[in-house]
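Good morning, colleagues. I shall take you briefly through the strand pairing and helix packing of one model.

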Amino acid sequence: MIGKVLAGKAVVAKAVGGATIGTAIALGSMTSAFASDGQHITSTKASAHTEAATYTQAQAKAIALKNCGGTVQSVSFENNAYTFLIHGQDNQDHDVKVNAHSGKVVKVEKLSFSRSEAQAVALKNCGGTVKSVGFNDGVYTFLIHGKDSRDHHVKVNAQSGKVIQIQSAAFTKAQVQSIVLKNCSGTIQSSSYANEVYTFLIHGKDNKDHHVKVNAETGKVIKAEVVKFTQEQAKQAALQQHKGTVQSVSFSEQAYTFVIKGTDNVQHTVKISPQTGKVC
């Protein structure tokens, strides 16, 4: 269910189920920095879509901290820019964006509500225990295991301090994981949640990757398919495009997305189709 708080009142509306899950998150967490897919540029060498960043995340972080001293709480990469959430020495949170090609700071914004203040707002609207916190586009997202034994995703605007969305699930992530592993025995590589649907990528005991979706309201498996190319096979294909070290990987129905720190000391984003094993 999605609840929107308008003028201090909760208005409940049914979410649209079965939407494509575009971002996977690390095993064992429901964090929701919810990184978005970046733009692509055409590589003349491979005639494929990849994204290269002249400045690495570590370099961009150093630049961000020069402009806003403090502690980095989260980072995301989208449209050739790094976005850092920094808890400043002024005890306030700041949204700092650094262009990955030029290394220039293109945005520095002081947030009216810090993460701790936004968390207090979220817990007033949905009592329970905070399991994870994410930040993106001026919005904090809290995963709260409620006193009703349900999981709730609460979004709070960092400038207004208002709750802008609450998504609740009848089945918790832990319960759904149990359902998924009964359906497909193996190891969970990634998971995500959106529009009342949990999506899992599982490396099965058959040595194949499986894409499984479960309705969070009914607990029923609504999709289970074998992915033709495993994450490991896709990783090798990505490294053929850019030699280096894989820093992160995410999964959607359309692509595995690898962030690679190349041997050329440039950060690259490569997307590999799970069905064809080719760059997409």
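**Strands and helices**

Strand β6 and strand β7 (residues 81–88) run antiparallel and are joined by eight bridges. Within this pair, Gly 70 stands opposite Gly 88 of β7. Please note that this is a predicted model, in which local features need pLDDT of at least 70, side-chain atom pairs count only at pLDDT 80 or more, and totals for chains, interfaces and linings use all residues. Residues are numbered from 1 along each chain as its sequence is written, and side-chain values use heavy atoms, with hydrogens and water left out.

Helices (H or I, at least four residues) and strands (E, at least two) are DSSP runs, numbered from the N terminus; two strands pair if DSSP finds at least two bridges between them.

β6 and β7 belong to an open sheet of four strands, with the order β6-β7-β8-β9 and antiparallel pairing. Because β6 (70–78) and β9 (105–110) each have a single partner strand, one side of each of these edge strands lacks a neighbour in the sheet.

I turn now to helix α2 (residues 115–125), whose buried residues (under 20% relative accessible area, with exposed meaning over 50% and partly exposed in between; 1.4 Å probe, protein chains only) are Ala 118, Val 121 and Ala 122. They fall within an arc of 100 degrees seen down the axis of α2, so they line one face of the helix; the arc is that of the directions from the helix axis to the C-beta atoms. Ser 116 and Lys 124 are exposed on the face of α2 turned away from its buried side.
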